[in-house]
Amino acid sequence: MGEIIKLTAALVVISMVIGLAVAVTNNKTKDRIKEQQLHIQQSAVEAVFPSGVAISEHEGDGGLPYKYWSASDNGELIGYAFKITGQGYAGDILFMISADTAGKILGMTVLEHNETPGLGSRVTEVASNKYIWYPVGSSEKVKPWFTEQFEGLSCFKPIGIDKSGEWHKFDAQRRAQLQSRNTVTAITGSTITTAAFTKSIERKAAVYVASLKEKYLEK
Amino acid sequence: MNSFMSIVQIALAAVLIQNFVLARFLGLCPFFGVSKKLSSATGMGMAVVFVMTIASMFTWVVERYILVPFDIRYLEIIVFILIIASLVQLLELIMRKFTPSLYESLGIYLPLISTNCALFAVVIINTGTNQFTGRPFTFIESTINGTASGIGFLIALVLMAGIREKLELADVPKTLDGLPIAFISAGLMALAFLGFSGLSFFAASGGQ
Amino acid sequence: MLKEEVKRGVITENPILILALGLCPSLAVSTSVTNGLGMGLATMFVLVCSNIIISIIKGWVPDKVRIPCFIMVSAAFVSILHLFIKAYMPLLDQRLGIFIPLITVNCIILGRAEAFASKNSLSRSFTDGIVMGLGFTVSLLILSAIREFLGSNKLFDLMVIPKFQPLTAFALAPGGFFTIAFVMGVVSFLRSRKEARA
């Protein structure tokens, strides 16, 4: 009997000490973790709008996204941003998209995905020519090419997929041609991933933009 | 219908598409340690399916009704590891007492399971969001996820044991003998399992 | 003395390549050198801390409940580390994901606690944590450098050779198995040659 008490006492003391240690750490880091999560969200919102605009956050109901952001420049409404998901190759892809009142896409950024490394995961690839041999180059922020090619397309019309090559290798003329056909290029070998974006823009973003537009026209 | 679809998707993903061993690299120690003989591989695999299912149920209840309401999710890691360790002990006792025949075939693998990272991984995955619905796992979903992940492990383990029994007779270069050749076989199996990625019964209705 | 200890951790008793411990994280996160380095250092931190605490409490913990106590100590350090990573390095948290909590069940941690820290003095356990962590990190760096270069023609997320078409399979699961098989093969070749000479 004495032994059981001894064993239990040892376990209880240890679990109390480590529980306390973790609780103290949690107290110290709690605010900072929340701040970081907000910061990640904030920088995603900033990434999809042109720089220097005033952004405000809203909570939507009914047919609206449950959280969305609107941006205005000198009091004039520029557009809205919200998060949507599309079904990719391996689970859902969560991305933020912004569009103006006419449905023209202003910007896009991928927040979460589980796509295959080296294939579908290239949705966040930056087409940089930075080589390890010259790491000190220009430190300007380059957008991932895959999401950049959606800018200027209309979410009210079906977005086509072109498989003849990748956008970042095209010159200005071919890019303009694609834009006039409301078409994006697929990532080589990852058409399903590409379609996840075009489909969910067609099905979800278009609906949201339309209902947001209605709401703001009422005012 | 929607919840049924999500269950089928979870099961399909856990067994084939994102197989615990061959696509996610979880549970590799028992995968290489217990795959020398087909009979022990089957026993170990069955024990894992069993414990994973029960652990998924228990941890889901603890997470939902204790950790979340009291806002102590930061203790998740410690609590789960304790639950798993005591659950395995408890199962061993219960099995020995009530189902001695089952204990004889699976019992010796139980102590090996408490430090199996696949088991810990599945309960951690169950605390996240279900990638198919975008919401937290429900009780049914997390139970299915546990069972299906265990079945994925069982399949990989049994296939591997079959290969390794044949490898015994093969003439392997001396430097690759033992673990390296087992890794190469596992790599070839993983290559085959890559073929399952993108598989979906509901592709037509995807993106809703 | 120190040189010998480092040699023991990195070469003669290398945790991944010789002892085959901690295989799951080493294969799962070795897709890029940055991930490998992050994982290696995180594991080293937990290993050193748990070795220190275990060598302090070793005389005091009853033998029968020793393993549960060791597991709880390492789980506590993993929780603390996870909170710090979330607070100060959220990007690393996103990249390593579930593999940070999984450090708890990494066989290296419990293996060293049971085989070394529970039998040796504080200073020796501390050194053991450092050199074993170093060995783990070095082997992760080797594996991830091979995989990142062949699989995506990059190192530290930067391009390496212009116009080289990467072999994507190396970034995927099969490549992980092939890479570790190859590296282990080379190690066992070098060992057998050394033995033949001696």
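**Exercise 1. Work out which pattern of helices and strands chain A follows along the sequence.**

Start by reading the predicted model of chain A from the N terminus: the order is α-β-β-β-β-β-α-β-α-β-α. Next, tally the elements, which gives 4 helices and 7 strands. Then turn to burial: of the 219 residues in chain A, 41% are buried. Finally, look at the range of the contacts. Among those in chain A with a separation of 6 or more, 50% join residues 24 or more positions apart.

**Exercise 2. Trace how strands E2, E3 and E4 of chain A are paired.**

Take E2(A), residues 68-73, and E3(A), residues 76-87: they pair in the antiparallel sense over 6 bridges. To find the register, note that A:Asp73 has A:Glu76 as its bridge partner in E3(A). The hairpin of these two strands leaves 2 residues between them, and A:Asn74 takes a positive phi near 50°.

Now move on to E4(A), residues 92-99. E3(A) pairs with E4(A) in the antiparallel sense too, over 8 bridges. Here A:Thr85 has A:Leu94 as its bridge partner.

**Exercise 3. Find the residues that touch the most other members of the largest nonpolar core, and follow one of them.**

The core holds 112 residues, and those with the most contacts to other members are B:Leu22, B:Leu28, B:Phe31, B:Phe32, B:Phe120, B:Phe183 and C:Phe177. Helix H4 (residues 66-88) of chain C gives the largest share of this core, 13 residues.

Let us follow C:Phe177. Leaving aside residues up to four places away in sequence, its contacts in chain B include B:Val21, B:Phe25, B:Ala186 and B:Ala190. C:Phe177 also touches C:Leu27. Apart from the largest core lies another one, of 31 residues, with A:Ile93, A:Ile105, A:Phe150 and A:Leu178 among them. A general tendency is worth keeping in mind here: in soluble globular proteins, nonpolar side chains tend to be buried together.

**Exercise 4. Describe the contacts that chain C makes with chain B and with chain A.**

Begin with chain B. The contact draws on 35 residues of chain C and 34 residues of chain B. Together chain C and chain B bury about 2,900 Å², 88% of it on carbon and sulfur atoms. On the side of chain C, 22% of the buried area comes from C:Cys24, C:Val105 and C:Phe177, more than from any other three residues.

Repeat the steps for chain A. This time 28 residues of chain C meet 28 residues of chain A. The area buried between chain C and chain A is about 2,600 Å², and carbon and sulfur atoms give 80% of it. C:Met72, C:Leu83 and C:Met159 supply 20% of what chain C buries against chain A, more than any other three residues.

**Exercise 5. Decide how many residues of helix H7 of chain B are buried, and what covers them.**

H7(B) spans residues 117-127, and 11 of its 11 residues are buried. They include B:Cys117, B:Phe120, B:Ile124, B:Asn126 and B:Thr127. The cover includes H3, H4, H6 and H8 of chain B, together with helix H2 (23-28) of chain C.

As a last step, check the confidence. Chain B has a mean pLDDT of 82, with 91% of its residues at 70 or more. Two of the covering helices mark the extremes among the elements of chain B: H6 has the lowest mean pLDDT (74) and H8 the highest (91). Over residues 202-208 of chain B the pLDDT is below 50, and this stretch has 11 contacts beyond near neighbours in sequence.

How values were computed
Residues are numbered from 1 along each chain as its sequence is written. Chains are lettered from A and ligands numbered from 1 in the order in which they are written. Side-chain values use heavy atoms; hydrogens and water are left out. pLDDT is the predictor's confidence in each residue, from 0 to 100. Contact means heavy atoms within 4.5 Å. Buried means under 20% relative accessible area, exposed over 50%, partly exposed in between (1.4 Å probe, protein chains only). A nonpolar core is a set of buried Ala, Val, Leu, Ile, Met, Phe, Trp, Tyr and Cys residues joined through side-chain atoms within 4.5 Å. Two strands pair if DSSP finds at least two bridges between them. Buried area is the accessible area (1.4 Å probe) that two parts lose on being put together, summed over both.
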